[in-house]
Amino acid sequence: MEKRDVVRCVLNGERPAYVPWSMGFTKEAREKLQAHFGCEDLERPLENHILKLGRDIGLFEDLGNDRVRDVFGVVWDRTIDKDIGNVEGVVLPEPTLQGFEFPDPLNPRFFDDIPDKIARFPDRFRVFQIGFSLYERAWTLRGIERLMLDFLEHPGFVRDLLSAIADYNIAQTREALKYDIDAVYFGDDWGQQRGLQMGPTTWRAFILPVLKRMYGVVRDA
């Protein structure tokens, strides 16, 4: 069996010949492993079963001073968190999308290395990844405290914002589906250290319908 077959076996609820694995690391841990194996690309020595495609946390412009800006205009301070960073400032200070322009979801940089990666690792399970895919993308733009209040005070804006984010994700997903991939990963996070950030009523009212729309595009394909 190829690695791709082993992952499919698991997802189909069958008993695999062995347990497949796929490992990712923080910046510090990755650098230690690169030094240990004597190579920059860890995919070959780790023999991961999942081939990660796309740019899961996005594209960034280096601003210097441990800060980067993503394609949505959000500035991330990587002074402490070296991998993603902490949001600095607010892109949407008011509960409106007027004057804000979404980036191009079909930016070639999201897709340009897909053929090469598939050619290098043809036996792996291929997953196109979109991180910060909905609620996370919303709070990075609006600020988490503001967005929490918006659920109560500006529900129409929240729905508009989540819908626009979903449109962006769906456009990117449709382009990714032109390649020979096996799955699409939508990263999102509604949890805290203890419990959830919102109750089930709010989640079902705002988040669930948009998830169904995004997931439906992938399921239909």
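**View 1. Glycine 64 and arginine 67 are bridge partners in a hairpin of the predicted model.** Glycine 64 pairs with arginine 67, and the latter belongs to strand E3. The two strands concerned are E2, residues 60–64, and E3, residues 67–70. Their pairing is antiparallel and runs over four bridges. Two residues lie between the strands of this hairpin. One feature of the hairpin is asparagine 65, which has a positive phi near 55°.

**View 2. Arginine 67 makes side-chain contacts from its place in strand E3.** The arginine 67 side chain comes to 2.9 Å from the backbone oxygen of asparagine 65, the residue with the positive phi in the hairpin of E2 and E3. A polar contact of 3.3 Å also links the side chain of arginine 67 with that of aspartate 77. Leaving aside residues up to four places away in sequence, arginine 67 touches Glu61, Asp62, Val75, Trp76, Asp77, Thr79 and Glu88.

**View 3. Strands E1, E6 and E7 make up an open, parallel sheet.** The three strands follow the order E1-E6-E7. Strand E1 (50–53) and strand E7 (183–186) are the edge strands, each pairing on one side only. From one strand to the next, the twist averages 35°. In general, strands of a sheet pair through backbone hydrogen bonds, in either a parallel or an antiparallel sense.

**View 4. Strand E1 pairs with strand E6 in the parallel sense.** E6 covers residues 125–130, and four bridges connect E6 to E1. Lysine 52 is opposite valine 127 of E6. Lysine 52 also appears in the next but one view, as Lys52 among the residues nearest the centre of the largest pocket.

**View 5. Helix H7 lies across strands E6 and E7.** The helix spans residues 155–176. The direction of H7 is at about 155° to E6.

**View 6. The largest pocket has a volume of about 1,600 Å³.** Its lining consists of 45 residues. Nearest the centre of the pocket are Phe25, Arg30, Lys52, Asp56 and Gln129. At least two lining residues come from each of helix H2 (27–37), helix H3 (43–46), E1, helix H4 (114–120) and helix H5 (135–142). Sorted by class, the lining of the largest pocket contains 15 nonpolar, twelve polar and 18 charged residues. Strand E1 thus appears both in the lining of this pocket and at an edge of the parallel sheet.

Conventions:
Residues numbered from 1 in each chain as written. Predicted model: local features only at pLDDT ≥ 70, side-chain atom pairs only at ≥ 80, totals over all residues. Heavy atoms only, no water. Pairing = 2+ DSSP bridges. Axes fitted to C-alpha atoms, helices over the stretch in contact; angles between N-to-C directions. Contact = heavy atoms within 4.5 Å. Polar contact = N/O pair within 3.5 Å; in protein donor to acceptor, adjacent residues only side chain to side chain. 1 Å grid on protein atoms, 1.4 Å probe; cavity = no way out; pocket = protein on both sides within 12 Å on 5 of 7 lines; lining within 4 Å. Points joined across faces, edges and corners; volume = space filled by probe spheres on them. Nonpolar A, V, L, I, M, F, W, Y, C, P; charged D, E, K, R; others polar.
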